Each structure stands twice: as structure tokens, then as C-alpha cells.
Amino acid sequence: MVSYPDEKVLAPSNTIPLNLYPDSKSVKISESPVQTPIVNESDLPRQKWYQYFSPTDTPEERRLILKLDGLIMVFVFLAYWAKVLDSSATSTAYVSGMKEDLKLFGNELNYLNTVYMVGFIVMQVPLTMLMTRFPVNYFLPAADLLWGVFTLVQYKVTNVHQLYAFRFFVGALGGFFFPAVQWYLGCWYKRTELNRRGALFFIASQVGSMSSGYIQAGAYDSLNGKHGIEGWRWLYIICFSCTIPIAVIGFLLLPGTPDKPSTRFLTPEDITLARARMASENREPSKPLTVAIVKKVLQGWHFYILVLFAFFFSQADGVSSNSGLPIWLKETGHSVSSINTITTVSPAVTIVSSVIWGIIADAYDAKVSLIAVTAVLNIFASVVLAIWSVPVGLKYFAFFLSGTADAIAAIIYAWANEICAGSAEERALVISAMNTIGNTFGAWLPLFVWKTVDAPRYLIGYNWTIALDVCMLGMLFVLRHFWNREKKLATTVRQ
């Protein structure tokens, strides 16, 4: 085995049998191309924060990691960015002429958003589970292609009832993408690599939210009336035009999964190495989904504790996801241009903190510390805003600081991948349920907690966020306790 600086000498240990993967033999770790034993997390050699690879990665493994980054991360980043572009298209279209053209003078916009969220929520778990049964390199791009088609046909609608149907399918085909990608990253990357990749994928949503307004405004101004098509209809055409080349990239690049790989860019040696890497992580390939597997998942602690933890996390970003900052800026006399500029700081904070948190989590296995620090920062920001009568500079600081609340998303889902490593079906079910619970409550809770009439102070909302973060801190230590206990039991069994 090639030796690298700072590499620790580790005792060899057995991997899970590689014959669980098609065309693979059961091997000892000493025969594995990866040479990574199954050991406690604290004993795993990790890269420094400024290093891209682990000190124990062989040259072959480093080439494989770079190849996987190019094949997977490019597609998932662009596809997620396009999803966010569409999510704001209907609201933009509504104020850009759709309301008058389709005669939407009641609560139709609320109904459109509700129909979208129904499709988004109810299909997350089924479609994520279904994806585990098919080659991912076809399933994900095909879903993206269909999503693009349903996005495009919205430009042809002549009444709101047609739009209701199309918005349901757009929500269904786009809603499962986030948990599906989190599961997919867990099929290829080791625990010391997942946080950074998850962070890179997640920040695509922030880049999308920052860029969508400019793209849509430019498209409307330059295309309104072209070829007899109203500007709001062009917004859907633009979203479609972005999606199709991205879906083609997915069909061409995605490498499948280690048990069902695409050989377009991966060599047989790459596939063998990838399977050995996942075997060393105790990450098993997909099996036929049965009632017995689902019952087993629902009988364990993984599902309930991770989903409950995800509930507190998903609702605790209310300060940054609601409109307190722009409304406050408007009330204090800022111009539209100034408001648009200042409000880009919060997503910028989310982007920077997500990347930094991901690097630190991979380098130092600091998941618990980073989640706890983020909760404390969010509590501080919410306390300042709940008091409200504070210096203006401190109020700005609190609004911007709240952008760190979502920075732990990649860490939490990477941790779920690690905890549920022993079953691909459990990973898919738990990760999709975690995301579903957040979206389900996020669809109606703001109506009671973040009432528009309370803006911009949102006294109830800021206090609600404090309570959520306190509960998340409590659940964090419950989760750590159960996970440490499970690892100790596994170590005892191996010995």
C-alpha cells in the first residue's frame, strides 16, 4: 500500500462481503484495492481542512474520486439550481401578466402553491424508494426531463385548471430530487467525503435563489411579446430550456451505482475499487424492497429519531426563509435596488458557511459540534430580533447571522447516510422521510407562526425559532447517545 504523509498504521479488519455486489468476490481488507479497515470513527485518518484527499487514499482512489466529482456533482448542482429557478417562476409570472391573462382574481395563487406542495410532499418517499429499484443514471435524468416537459407545457395554459394539473406533476417530479441525491451521494462517497459534496449540492439552491430574480427579470424585459408570446409565458420556456441540456448531461455522465454501474466512463478497475470503498464503509447495495424490510426500518430507532431531529432542523430556518428583512428594509425607506442588494447577503452567508462547515465536518468529524454551534448562533440571532429595539447594526447582524441556520443541512443528511449505511432501502426511506416531514410542516406552520400582519418583527416567529433550536440541541444529544451506543455494540460484536 502506498504511504502518504501523516498516515496512521491501522490494524487490518474484515470488510462486509463484496459478493453482495454483482460480479464481486468476498475479500479480506488486505486484498481490497482500498485497504481501509472497519474501525471506529475516531481512529479514521482524515484529511486536513485544506486537503482534498485523505492521507490513506491511493493514487487510484484519488483518480476515482475526481472522476466521480466530475460525473456526479456537475449534474446534481445544475439540476438543483434549475429546480429553484422554476419554484419562483409561478410567483414571478403571476405579477408579470398571468393574473390578468388567466383572470386569477381570487385565491388561485394560493391554490396553485398548495397543489404544487401536495405533489412535492406526497411523492417524495415513493419516488425515492422507486429510484433504488432502477438504474439511477436513467431514473434521475428521466425524471428531470419529464419535469422539464411539465414545466414547458405551462406556457400554453388557457385556464387555471390546466395549471393546477401541471403544477402537481412539476411538484411531484421535482420534490424527490433533494432526498434522492442525498441518498445517491451515499452510494459513492465515504463518510469523510460526504459533507463537502452534500454542501456543494445544497448551495445550488442558494445560488438559484440569488440568480433567479435577475434571470427572470432579464427574460421578461427582453422577450415579452416576442413571437406573440407574453413575457410570463416565456419564463416557463426559459426554465425548460435550462432543464433539457442538464438532463442530457445526466444521461451522459451519471455513473449509476456501484452495484448497477454505467461503464461509459468507469473502468472495471474503477468499479471494483468503488465497491470495495463502500464495503469498507459497511454500505450495502440495494436489495428487493419487501414489507419485511420496511417493518424492520420502522421498528428501529434510526427512523424515528432522525425524522424527529429533521423536523426541528427544517423549521428552525424561519428567520432567513421568511420576509422579515426585506419588509423591515422597505419600512425604513430603502430603495428597491438597495433591498434587492442587501437581501442577497443572507443566502451568501448560507453558501459560505455551508462550504466551511462541510470542510470542517469532513476533516475533523465535527458533526455534533457544528450542529450545536449553529443552533446557538441561530438562538442568538432570534433573541436579538425578538427584542427588536436594538442598534440598527446589531439588527443587520442578526438577520445576516440567521443565514447559517441551513448550513448544517449537508451535515445532517451525511450523518443519516452514515447511520443507515447497512441498508440502501433504509437510507432511502429515512432520508426521504426526513425531508418530507420538513416540507409537510413547512407548508402550513408559517400561516400561524409567521403571520404577515406581524411583519417585520414576527415576535411569535422569532420565539418559535428559539424553542425549535433548543429542542434541536436536546435531540442532538439524544441522537448522539443512540449512535454511540450502536457503534459500541457493533465493536463488541466484531471483537
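1. The radius of gyration of this predicted model is 23 Å, which agrees with the value near 23 Å that a compact globule of 495 residues would have. Along the principal axes, the C-alpha trace spans about 70 × 55 × 45 Å.

2. As to secondary structure, the protein holds 22 helices and two strands. Among the contacts with a separation of 6 or more, 80% are made by residues 24 or more positions apart.

3. Of the 495 residues in the protein, 55% are buried. The area that the protein exposes comes to about 20,800 Å², and carbon and sulfur atoms supply 66% of that area.

4. On the surface, Trp49, Tyr50 and Tyr364 make a nonpolar patch of about 420 Å². Trp49 lies in the segment before helix H1, which runs over 59–87, and this residue counts as exposed because its relative accessibility is 52%, where the cut-off for exposed is over 50%.

5. Ala316 sits in the loop between helix H12 (301–315) and helix H13 (318–321), and with a relative accessible area of 4% this alanine is buried, the limit for that class being under 20%. When neighbours within four places in sequence are left aside, Ala316 is in contact with Asn378, Ala405, Thr465, Leu468 and Asp469. As for Val349, which is 33 residues away from Ala316 along the chain, the C-alpha atoms of the two residues are separated by 16 Å.

Definitions and conventions: Residues numbered from 1 in each chain as written. Predicted model: local features only at pLDDT ≥ 70, side-chain atom pairs only at ≥ 80, totals over all residues. Heavy atoms only, no water. Patch = residues over 30% accessible without salt bridge, like charges linked within 9 Å, V, L, I, M, F, W, Y side chains within 5 Å. Areas by Shrake-Rupley, 256 points an atom, 1.4 Å probe, with all protein chains shown as cover. Salt bridge = Lys/Arg side-chain N within 4 Å of Asp/Glu carboxyl O. Helix = DSSP H or I, 4+ residues; strand = E, 2+ residues; numbered from the N terminus. Buried < 20%, exposed > 50% of the residue type's maximum accessible area, 1.4 Å probe, protein only. Contact = heavy atoms within 4.5 Å. Rg over C-alpha atoms; globule rule 2.2 N^0.38 Å.
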